[in-house]
Amino acid sequence: MGNTEVRSENSPRPTRDRGVDMKLEVVVIPVADVDRAKSFYASLGWRLDGDFTAGSEWRVIQFTPPGSGCSVIFGKNVTSAAPGSARGLYLIVSDIGAAREELLARGVRISEVFHAGEDNIGTDEPYLFGSRRVSGRDPERRTYRTYASFSDPDGNGWLLQEVTGRLPGRIDTGGAAFVSSAELEAALRRASEAHGEHEKLTGQHDEGWPIWYAEYMVKEQTGEPLPT
């Protein structure tokens, strides 16, 4: 299930079999008004990769969100899907409060932060954990559990999902990486807070804090047990 993966204790662990790399790099967004969509996605601060045309019957535009390895495309005669029919498009962020404030500053109408309650059945718009949205952050600050949502002018639905630590097996241990300075900064802050608790437990200053930070940050990203 990509970045939104949820797995119970009885679910199988991700396979380690390695075949040919198949990198998801493009998602098609169905829109009715191409120029209106272009203006909206540009207003999000996303990188415009290209705007290509061939006569009057074909046009494709590509945008990439900051720090993302996957882009979105939309245009004329690009897809037969109904405009606005894309739902559950997830944007993974390490600090949902900061991400939401940035979108608000850009004029985007975005929901309040919400999380899943004990009951997943309700009348709210569906998302990963069902169709009941409870106001505020997840009370336990669990990774994957806090959201905010917004839509483009056609009604294609996007969700911000806060991920601060990965489930086991989600990232190869040899492939841990930070795709932006903001993501690295957020990871360093979490490592700093955790290291502060570590020094409280030991009762002394840790001269080897760079090693501890590095171990914490890699293990957090790859889903391994965190040092204490």
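Is Thr64 buried or exposed? Select Thr64 to begin: it is buried, with a relative accessible area of 3%. Here buried means under 20% relative accessible area, exposed over 50%, and partly exposed in between (1.4 Å probe, protein chains only).

The model is predicted, with local features requiring pLDDT of at least 70 and side-chain atom pairs counted only at pLDDT 80 or more, while totals for chains, interfaces and linings use all residues. Residues are numbered from 1 along each chain as its sequence is written, and side-chain values use heavy atoms, with hydrogens and water left out.

**Stop 1: Thr64 and its surroundings**

Thr64 has its place in strand β3. Helices (H or I, at least four residues) and strands (E, at least two) are DSSP runs, numbered from the N terminus. Display the side chains of Thr64 and Ser71, which are joined by a polar contact of 2.5 Å. A polar contact is a pair of N or O atoms within 3.5 Å; within protein, one must be able to donate a hydrogen and the other to accept it, and residues adjacent in sequence count only if both atoms are side-chain atoms. Next add Trp46, Arg47, Asp49, Cys70 and Ser71, with which Thr64 is in contact when its neighbours within four places in sequence are left aside. Contact means heavy atoms within 4.5 Å.

**Stop 2: strands β1, β3 and β4**

Select β4, which is mostly covered, 5 of its 6 residues being buried. β3 and β4 pair in the antiparallel sense over 5 bridges; two strands pair if DSSP finds at least two bridges between them. In the hairpin of these strands, which has 6 residues between them, Gly67 takes a positive phi near 75°. Now add β1 (residues 26–28), which runs parallel to β4 and is joined to it by 3 bridges. Centre the view on Ile73 in β4: it is the bridge partner of Val28 and also of Gln62.

**Stop 3: the nonpolar cores**

A nonpolar core is a set of buried Ala, Val, Leu, Ile, Met, Phe, Trp, Tyr and Cys residues joined through side-chain atoms within 4.5 Å. Select Tyr41, Phe74, Phe150, Trp158 and Leu160, which touch the most other members of the largest nonpolar core, a set of 26 residues. The elements giving two or more residues to this core are α1 (34–43), β3 (58–64), β4 (71–76), β5, α2, β8 and β9. The largest share, 4 residues, comes from α1. Keep Tyr41 in view: leaving aside its neighbours within four places in sequence, it is in contact with Ile29, Trp46, Phe63, Phe74, Asp152 and Trp158. Apart from this core lies another, of 7 residues, among them Ala187, Ala191, Ala194 and Trp212.

**Stop 4: helix α2**

Which residues of α2 are buried? Select residues 96–105 and colour Ile96, Ala99, Arg100 and Leu103, which are the buried ones. Seen down the axis of α2, these residues fall within an arc of 95°, so they line one face of the helix; the arc is that of the directions from the helix axis to the C-beta atoms. They pack against β5 (89–93), β8 (146–151) and β9 (157–162). At the start of α2, a side-chain oxygen of Asp95 reaches to within 3.1 Å of the backbone nitrogen of Gly97. After the helix comes Gly107, whose phi is positive, near 85°.

**Stop 5: Ser111 and the open sheet**

Move on to Ser111, in the loop between α2 and β6. Ser111 is partly exposed, with a relative accessible area of 21%. Its C-alpha atom is separated by 5.5 Å from that of Ala148, although the two are 37 residues apart along the chain. Neighbours within four places in sequence aside, Ser111 is in contact with Arg100, Ala148 and Ser149.

Now show the open sheet, in which 5 strands stand in the order β5-β9-β8-β6-β7 with mixed pairing. β5 and β7 (134–135) are at the edges, each with a single partner strand, so one side of each is left without a neighbour in the sheet. Strand β6 (residues 114–115) runs antiparallel to β8, and 2 bridges join them. Select Phe114 to find Tyr147 of β8 opposite.

**Stop 6: the whole chain**

Zoom out to the protein chain, which has 4 helices and 9 strands. Buried residues make up 36% of its 228 residues. Among the contacts with a separation of 6 or more, 55% are between residues 24 or more positions apart.
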